[in-house]
Amino acid sequence: MRVGVVTFPGSLDDRDAGRAVRVAGGEAVPLWHADPSLHDVDAVVLPGGFSYGDYLRCGAIARFAPVMATVVEAARDGLPVLGICNGFQVLCESHLLPGALIRNDRRRFVCRDQPLRIENNRTAWTSGYRSGQQIVVPLKNGEGGYVADERTLDELEAEGRVVARYVEDNPNGSYRDIAGICNEAGNVVGLMPHPEHAIDALTGPGTDGLAFFAAIAGTIAGTLERAL
Amino acid sequence: MPNGGTLWPSANTEDRGAFIYGSGMRPRCSRPANAGQSPRLMAVPRVYVDVVLKPEILDPQGQAIAGALRRLGIEGISDVRQGKHFELTVEDGMQDAAIQATVTRLADTLLANPVIETFTVRRG
């Protein structure tokens with residue numbers, strides 16, 4: 001199973017995301033921002049970091065990278081896409097996901113192990129979790145406050161598209177404590193915390209994040225079986 | 001300063017030589033032909049775009065600045081919100097309508113995020 005990981009100028013966590021894919025048993029395929037080809041990958045990860053230095057707005061310039069034109073089109077056709085942190089920002093700027101991410105309300109960059117609750121385990125990326133499962137995943141951002149108008153928030157709640165929620169303490173002022181959401185089809189997921197930093201006990205708070213990357217293997221294998 | 005030149009440059013370009021080289025000396029490089037002309041004679045067509053957060057969106061930067069105002073003892077200012085100001089240099093020969101359309105589209109897709117920001121466009 002080939003999972004593409006995009007590198008934009010200023011991406012920080014692309015290699016860690018690639019490592020997480022490999023640890024989960026997949027093949028990580030590096031995708032360059034200026035190359036419009038997705039090289040036949042089965043899924044795409046938009047990693048964390050500071051693409052284009054967060055100039056203008058986080059993800060605002062990365063959204064127009066040549067690779068993103070292809071990602072947007074493929075996502076509309078059902079390609080699984082996971083945007084982590086800056087990747088979540090790129091997905092919102094691309095309008096693949098609604099809402100936006102603004103500066104943390106507490107005026108601090110927050111870097112900590114964050115408890116989350118997985119509320120939607122029906123997406124391609126979260127099928128490895130139980131519904132309502134609590135996990136701990138590192139969070140590191142200065143502009144992680146998820147905002148959207150009331151109508152959009154109500155729609156997300158009603159349609160079960162809140163994928164993950166902060167528990168215990170909202171670290172950044174995200175409306176409704178939203179840590180991650182998905183699109184209507186469930187193939188595009190945006191998540192502020194970093195599951196790729198919780199894939200082995202040595203380098204993270206645990207292995208709670210590994211299932212994000214292992215789940216995609218199960219989903220794609222299932223699709224291939226049905227297609228044969 | 002060497003040769004007794006002044007520490008701060010004056011607004012008069014003639015004095016710049018004194019600032020750099022000390023009184024009584026002038027730089028060897030020749031000065032541009034339009035030196036000393038006011039900026040208005042050298043105006044280039046510009047369009048200004050101002051982007052601000054929508055009023056309902058939290059502005060932590062503005063809050064930080066407001067806090068600094070209070071620490072400075074400034075009275076009478078109750079709130080600060082920080083936005084962005086873009087200055088776009090327009091090529092000669094573009095029609096007004098085309099400029100307006102192009103810049104508005106640019107502002108709506110790149111310079112501002114309509115989910116959280118509004119913008120105004122103004123000719124310079």
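These are my notebook entries on a predicted model with chains A and B.

**Entry 1: confidence**

I began with the scores, as I like to know what I can lean on. The model has an ipTM of 0.89 and a pTM of 0.85. For chain B I found a mean pLDDT of 78, with 65% of the residues at 70 or more. Where in chain B is confidence lowest, and where is it highest? The low end is helix 1 of chain B (residues 16-21), with a mean of 40, and the high end is strand 2 of chain B, at 97. I also looked up the start of the chain: residues 1-27 of chain B stay under 50 in pLDDT. For that stretch the model has 28 contacts beyond four places in sequence, and I will read them with the scores in mind.

**Entry 2: the layout of chain B**

Next I listed the secondary structure. I counted three helices and three strands in chain B, and along the sequence they run α-β-α-β-α-β. Chain B has 124 residues, of which 22% count as buried. I then checked how far apart in sequence the contacting residues lie. Among contacts in chain B with a separation of 6 or more, 58% are between residues 24 or more positions apart.

**Entry 3: where the chains meet**

I turned to the interface. On the chain B side I found 17 residues in contact with 15 residues of chain A. The two chains bury about 1300 Å² between them, and carbon and sulfur atoms account for 63% of that area.

How many salt bridges are there between chain B and chain A? The count is one. The partners are A:Arg57 and B:Glu117, whose side chains come to 3.8 Å, N to O. Seven residue pairs are in polar contact across the interface, both residues of each pair being at pLDDT 80 or more.

I also asked which elements of chain B supply the surface that touches chain A. Helix 2 (60-71), strand 2 (84-89) and helix 3 (96-111) of chain B each give two or more residues to it. Helix 2 of chain B has the largest share, with four residues. Sorted by type, the residues on this side of chain B are 10 nonpolar, four polar and three charged.

**Entry 4: a covered helix in chain A**

I picked out helix 3 of chain A (residues 86-93), where eight of eight residues are buried. Charged and polar side chains are on that list too, including A:Glu93, A:Gln89 and A:Asn86. A:Phe88, A:Val90 and A:Leu91 are also among the buried residues. Just after this helix, A:His95 has a positive phi of about 65°.

**Entry 5: A:Gln133**

This glutamine sits in the loop between strand 6 (110-118) and strand 7 (134-141) of chain A. Is A:Gln133 buried or exposed? At 17% relative accessibility, A:Gln133 counts as buried because the cut-off is under 20%. A polar atom of the A:Gln133 side chain lies 2.9 Å from the backbone nitrogen of A:Arg130. Setting aside neighbours within four places in sequence, I found A:Gln133 in contact with A:Leu116, A:Arg117 and A:Ile118.

**Entry 6: salt bridges**

Over all chains, I have 17 salt bridges on the page. A:Arg165 caught my eye. A:Arg165 pairs with A:Glu119, with the closest N and O atoms 2.8 Å apart. That pair joins distant parts of the chain: A:Arg165 is in strand 9 (residues 162-166) and A:Glu119 is in the loop between strand 6 and strand 7, 46 residues apart. A:Arg165 also forms a salt bridge with A:Glu157, again with closest N and O atoms 2.8 Å apart.

I looked up accessibility for these three residues. A:Arg165 is buried at 12%, while A:Glu119 is partly exposed at 23% and A:Glu157 is partly exposed at 30%. These residues belong to a network of salt bridges that links A:Arg117, A:Glu119, A:Glu150, A:Asp154, A:Glu157, A:Arg165 and A:Arg176.

In chain B I noted the salt bridge of B:Arg123 with B:Asp96, at 2.7 Å, N to O. B:Arg123 is in strand 3 (residues 117-123) of chain B and B:Asp96 is in helix 3 of chain B, 27 residues apart. B:Arg123 is partly exposed at 36% relative accessibility, whereas B:Asp96 is exposed at 54%.

Key:
Residues are numbered from 1 along each chain as its sequence is written. Chains are lettered from A and ligands numbered from 1 in the order in which they are written. Side-chain values use heavy atoms; hydrogens and water are left out. Contact means heavy atoms within 4.5 Å. Buried area is the accessible area (1.4 Å probe) that two parts lose on being put together, summed over both. A salt bridge is a side-chain nitrogen of Lys or Arg within 4 Å of a carboxyl oxygen of Asp or Glu. A polar contact is a pair of N or O atoms within 3.5 Å; within protein, one must be able to donate a hydrogen and the other to accept it, and residues adjacent in sequence count only if both atoms are side-chain atoms. Ala, Val, Leu, Ile, Met, Phe, Trp, Tyr, Cys and Pro count as nonpolar, Asp, Glu, Lys and Arg as charged, and the others, Gly among them, as polar. Buried means under 20% relative accessible area, exposed over 50%, partly exposed in between (1.4 Å probe, protein chains only). pLDDT is the predictor's confidence in each residue, from 0 to 100.
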